[in-house]
Amino acid sequence: MKSSITYRRGGSTGPAGVRIRRAVARDAKRLTRLVTTSRAYDGPYAPMVQGYRVGPDYIETHRVFVAVGADDRVLGFYSLVVSPPELDLMFVGDDAQGLGIGRLLVGHLLDEARRAGLSEVRVVSHPPAEGFYRSVGAERTGTVPASPPAVMWDRPELTLPIESP
């Protein structure tokens with residue numbers, strides 16, 4: 001597999017100059033900053049990301065991929081855990097919202113999961129992101145109850161089916 005690609009799914013392309021590459025240990029601080037400064041976690045959701053850290057060890061252990069712009073600025077990222085299959089993290093930078101970065105990352109995730117031989121991927125969603133995941137094909141399967149003090153609210157549980165090529 002190439003270490004960096006400009007991702008094209010179904011003949012479409014993402015935003016000009018955006019490519020997806022495997023994350024490396026030196027991305028850890030940038031990924032952590034993306035998580036901890038996300039406006040999606042303002043207000044009542046803030047405690048969940050307060051003090052959160054994406055460390056070099058996490059990047060080396062999991063399948064973490066980043067979407068970067070032409071200037072190598074990190075626009076978003078995701079982490080796929082293969083066993084059991086789960087989307088562990090997915091964030092798109094506040095200034096990159098609405099540009100198609102999330103859909104680009106999901107398309108890459110689907111291909112990565114297919115290459116790993118997975119038939120589906122579990123997604124435990126941030127409540128405001130459920131609509132996005134459903135719009136890319138995820139199906140609601142249940143609810144994960146709150147687990148205070150880290151997570152003070154119930155979260156939607158979804159399954160993202162991985163179709164054969």
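Leu-105 is a good place to start in this predicted model. Setting aside neighbours within four places in sequence, Leu-105 is in contact with Ile-20, Phe-65, Ala-67, Gly-76, Phe-77, Tyr-78, Met-90, Phe-91 and Val-92. A second core, separate from the one to which Leu-105 belongs, has 20 residues, among them Tyr-45, Tyr-58, Leu-89 and Trp-153.

Now look at the core around Leu-105 itself. The largest nonpolar core holds 27 residues, and those touching the most other members are Tyr-78, Leu-87, Ile-101, Leu-105, Val-121 and Leu-160. At least two residues of this core come from each of strand E5 (63–68), strand E6 (74–81), strand E7 (86–92), helix H4 (101–115), strand E8 (120–124) and E10. Helix H4 gives the most, with seven residues. This fits a familiar pattern: in soluble globular proteins, nonpolar side chains tend to be buried together.

Stepping back, you can place these elements in the whole fold. The protein has five helices and 10 strands, and its C-alpha trace spans about 40 × 35 × 30 Å along the principal axes. A compact globule of 165 residues would have a radius of gyration near 15 Å, and the protein agrees because its own value is 15 Å. Buried residues make up 45% of the 165 residues. Among contacts with a separation of 6 or more, 60% are between residues 24 or more positions apart.

How confident is the predictor? The mean pLDDT of the protein is 89, and 92% of its residues reach 70 or more. Please read residues 1–13 with this in mind: their pLDDT stays under 50, and the model has 27 contacts for them beyond four places in sequence.

Next come the charged side chains. Side chains of opposite charge can pair when their charged atoms come close. A search of the whole structure finds 13 salt bridges. One of them brings us back to helix H4, where Glu-112 and Arg-115 lie three residues apart, about one turn of the helix. Their side chains meet in a salt bridge at 2.9 Å, N to O. Glu-112 counts as buried because its relative accessibility is 4%.

Another salt bridge joins the side chains of Arg-140 and Glu-130, at 3.0 Å, N to O. This pair links distant parts of the chain, with Arg-140 in strand E9 (residues 139–144) and Glu-130 in helix H5 (residues 130–135), 10 residues apart. Arg-140 has 37% relative accessibility and so counts as partly exposed, whereas Glu-130 is buried, with a relative accessible area of 15%. Elsewhere, salt bridges that share partners join Arg-21, Asp-27 and Arg-30 into one network.

Arg-73 and Asp-71 also form a salt bridge, with their closest N and O atoms 3.9 Å apart. Here Arg-73 counts as partly exposed because its relative accessibility is 37%, and Asp-71, at 55%, counts as exposed.

Finally, turn to Arg-155, in strand E10 (residues 155–161). What is the nearest side chain of opposite charge to Arg-155? That side chain is Glu-86, 6.9 Å away, and Arg-155 is buried yet has no salt bridge. A salt bridge needs a side-chain nitrogen within 4 Å of a carboxyl oxygen, which means that a partner at a distance of 6.9 Å does not qualify. Leaving aside neighbours within four places in sequence, the residues in contact with Arg-155 are Met-48, Val-124, Ser-125, Pro-127, Gly-142, Thr-143 and Val-144.

Conventions
Residues numbered from 1 in each chain as written. Predicted model: local features only at pLDDT ≥ 70, side-chain atom pairs only at ≥ 80, totals over all residues. Heavy atoms only, no water. Helix = DSSP H or I, 4+ residues; strand = E, 2+ residues; numbered from the N terminus. Buried < 20%, exposed > 50% of the residue type's maximum accessible area, 1.4 Å probe, protein only. Lys, Arg positive; Asp, Glu negative; His and termini not counted. Contact = heavy atoms within 4.5 Å. pLDDT = per-residue confidence, 0-100. Core = buried A, V, L, I, M, F, W, Y, C linked by side-chain atoms within 4.5 Å. Rg over C-alpha atoms; globule rule 2.2 N^0.38 Å.
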